[in-house]
Each structure stands twice: as structure tokens, then as C-alpha cells.
Amino acid sequence: MKEKKLQEHIKEKHKSAANLKHTAGKHDAKDAKTKIIKFKIQRFDAAKDKKDDAPRYDTFELEVKDGTTLLDCLDLIKWKHDGSLTYRRNCKNSICGSCSMKVNKRTKLACETQVHKITETFCSDEILIEPMGNMAPVKDLVVDMGNFWAALHAIKPWIVHDGNFPEKEFTMKKEDAKKLDAVASCIMCGACYSDCNTLDVEKRFLGPAALAHALRYVDDPRDTRKKERLRALNKPGNHGVWDCTHCFACIQVCPMKVAPMEQILKIRKYAQQSGMIFNPGARHHKAFSDGVKHAGWINEVTLPVKSVGLNIIGFFQLAPVGMRMYFKGKMPDVWHKPIVGAEEIKKIYLELEKKEMSNKLDIKEPELFEHRNPNKE
Ligand code: SF4
Ligand code: SF4
Ligand code: FES
């Protein structure tokens, strides 16, 4: 009974809070453009609500000055309207990676998101705020990031060096250090994981951030387990690099320009260059590419067959699809005729292949590192 009364009291408080108007933004910015913005915020409490209940939203209205961040607005809502609103934040400077949340369905850092810009982009003065995706909500905008951290742990994010150690410190060539820059900027905000489309359907996928970090260790000249790492990342059962569908979402949402998908593609390339081509993903990739190189377009007849490889069960799984296509008149032409301009496409391929060869990862295993021992230079 007491609990019910308390809930009603909180509900009433939310209602009245929604009608209050406070000004968010620096008060010395007198000339700054100001407008009333509605914040529709998803509410949830794992301790009380059921996971499958329909999402609940509260709307708060603030008068917001141009240049104000979403985090400033959330702070104002919490301090002036509803102290129970829960979200993570710390640095307010896009450094700690704590304040990721979905803003109009796209994950962003609240501390670097200017609300006026959002309203202009979406042509609406109402902003929808929800917790990150692909992670279970705990309370309001706070999610359980356990799977994100577990994926990171799975790629062994530490340097393993099996060879001789130099007497003093390891030294690294400038160009080798540069390769690590992009991933080193990751602030573990989880935005890429939240918006990853593969994770929507395959929770075991390691995800963009962990795979980007995996490349960081493959590229690190001090690490001597490159092949072992590549093998693990390529193994289909490990849900590594071949689960990515190249949707670009992680590149779009990453606030630090880590470009996780690009790092995933580099791992695939390294693995293929090292002869790790006997898995469905690598075979599909090669069959796709060979078709385009040969005739300027994909060969829809051989693509699924080559992707499956010498796998009897795989062939039987393909058969019903092939039959259905045949009876619906959708069977592609078995003669894979080149399109107009196919020769030009082939030339592009040959140029790219030359370039790829010069960028090949040189894996020596074990890599003893002696040539970079400062005491011997
Ligand atoms: S590109 Fe790949 S890793 Fe990135 S979000 Fe899409 S499916 Fe996920
Ligand atoms: S890769 Fe980018 S989006 Fe993903 S966790 Fe790191 S900083 Fe965040
Ligand atoms: S509060 Fe630290 S990144 Fe936003």
C-alpha cells in the first residue's frame, strides 16, 4: 500500500515536472538563441519493472539556449525536476565514455550533443532519449555493459611476448606506432556496440569495439601471437570478424573516429594473406570478389556453392532454396556473361592487388624482436 502511494506520488511529481520550465545553458550567453525543447525520456527500473513491459516515457520541457549539451539538460532535469532520473556521466568532455545514450534512435555521447543541432536536424523540438541498445537496461538510461566488457576480454587485450625481452624498454618504429593510433583513441563508450546491426540478431558476435582492439594487438610489433589471434578471430564458432555485415553503423556513431568496421576488414585481409581462407566467410568474400573481377558483376550461381565449400550438409541446406528459385523463375543465368566495361573493372582489380601486396602484413612467428633491441642497435 505504502509502495503504491509512493509510486503515485512519483507519478504526480513527473507530471508537474513536465510542466515546469527551467533554462538550460550558460546564463552569460544573453544573446544566444533560446527555445523550448521537450525531452521524451525512457524510464525503467529492473528492480520493479518487467523486462518485456512496454517502454514507459516521461516528458520534460526546458527552455534551452543554443550551444547547450544534452548532458546539461539531463542534469537540469535531474536537479530541478526529477531526482530519480538515472544516467551515467563523469568528465563532460568526451573523454570518459560514460554518457552514451540513444538520441532519436542513434547512440551519441550526451556531453558532446548539442540539443539545438538535434532539433534542427530532425526538424522537431521534441527529442527522444533512450538507453543504449544491445545491452540490458538497468535503470532509465543506464545499461548493463557486461557483454561489451566480456567481448573485450575475449580478444585478450594485452600484449603477449614469447621471445627475448630487451634489457631496457621496447622501441617501436614510428610507422608501427602510427598503426595503433586509431584504436588507441577508443574511449570504450559502447556506442558502436549499441548500434551494431549484427548484435541485434547475434548476441554472441564480439562486436565492433572488441574487434577493433583485436587489430591493435595484431598490429603491435611487440606481440608474438599474431597468427594465433588471427586464427581465433576467423574461426566461425567464435563469432569474430566474419559476422560483421559491413553496415557502417559503427563508423557513423563512433565519437572518436576509431572506424571499427575498417579495422575488422583489416583483420580479414591479414587473415586471408596468411592463408586462413577455409571458412564460409572467407570463401564467400573470395567468390564475390572473383565474380566481379571476372565479369564485372557477382556470379549468383557459383557464389552460394563456393561459399559453402566442400560441405555436404551445406549443399543440402542450399538445395531447397535453389529449387524454389528455379520454380519461381528466379534462377540466374548459368553463363556468367561479362558486362560492358568488365575489362576496365579488371584493370582496377589488378591495380588494387598490386597495392595490397605491398601492404602485406609480415608475420614472423615467433617474432623475437631482437632487431629492435636498443642494446644491439
Ligand atoms: S559494420 Fe559490422 S561491426 Fe560495424 S555496426 Fe555494422 S555489423 Fe556491426
Ligand atoms: S570504437 Fe568508438 S564507438 Fe566503439 S567503444 Fe570505442 S570510442 Fe566508442
Ligand atoms: S561525460 Fe564523459 S564522455 Fe560524456
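Helices here are DSSP runs (H or I) of at least four residues, numbered from the N terminus. With that in hand, here are the views of this predicted model.

**View 1. Two helices help to surround ligand 1.** Helix 11, residues 249-253, gives at least two residues to the shell around the ligand, and helix 12, residues 260-273, likewise gives at least two. Look for 13 residues around ligand 1 in total. Those that come nearest are four cysteines and a threonine: Cys-196, Cys-244, Cys-247, Cys-250 and Thr-198. The shell is made up of 10 nonpolar and 3 polar residues, with no charged ones. Cysteine is counted as nonpolar in this tally.

**View 2. Helix 13 runs from residue 280 to residue 295.** Its 16 residues should span 22 Å at 1.5 Å a residue, and because the C-alpha atoms at its ends are 22 Å apart, the model agrees with that expectation. Follow the helix along and you will meet its buried residues: Gly-281, Ala-282, Ala-287, Gly-291, Val-292 and Ala-295.

**View 3. Gly-296 sits just after helix 13.** Here the backbone takes a positive phi, with a value of about 85° at this glycine.

**View 4. Stepping back, the whole protein holds 16 helices and 8 strands.** Of its 377 residues, 41% are buried. Contacts often reach far along the chain: among those between residues at least 6 apart in sequence, 70% join residues at least 24 apart. The protein exposes about 22000 Å² of surface, and carbon and sulfur atoms supply 56% of that area.

Notes
Residues numbered from 1 in each chain as written. Chains lettered and ligands numbered in written order. Predicted model: local features only at pLDDT ≥ 70, side-chain atom pairs only at ≥ 80, totals over all residues. Heavy atoms only, no water. Buried < 20%, exposed > 50% of the residue type's maximum accessible area, 1.4 Å probe, protein only. Contact = heavy atoms within 4.5 Å. Areas by Shrake-Rupley, 256 points an atom, 1.4 Å probe, with all protein chains shown as cover. Near = heavy atom within 4 Å. Expected span 1.5 Å × (residues − 1).
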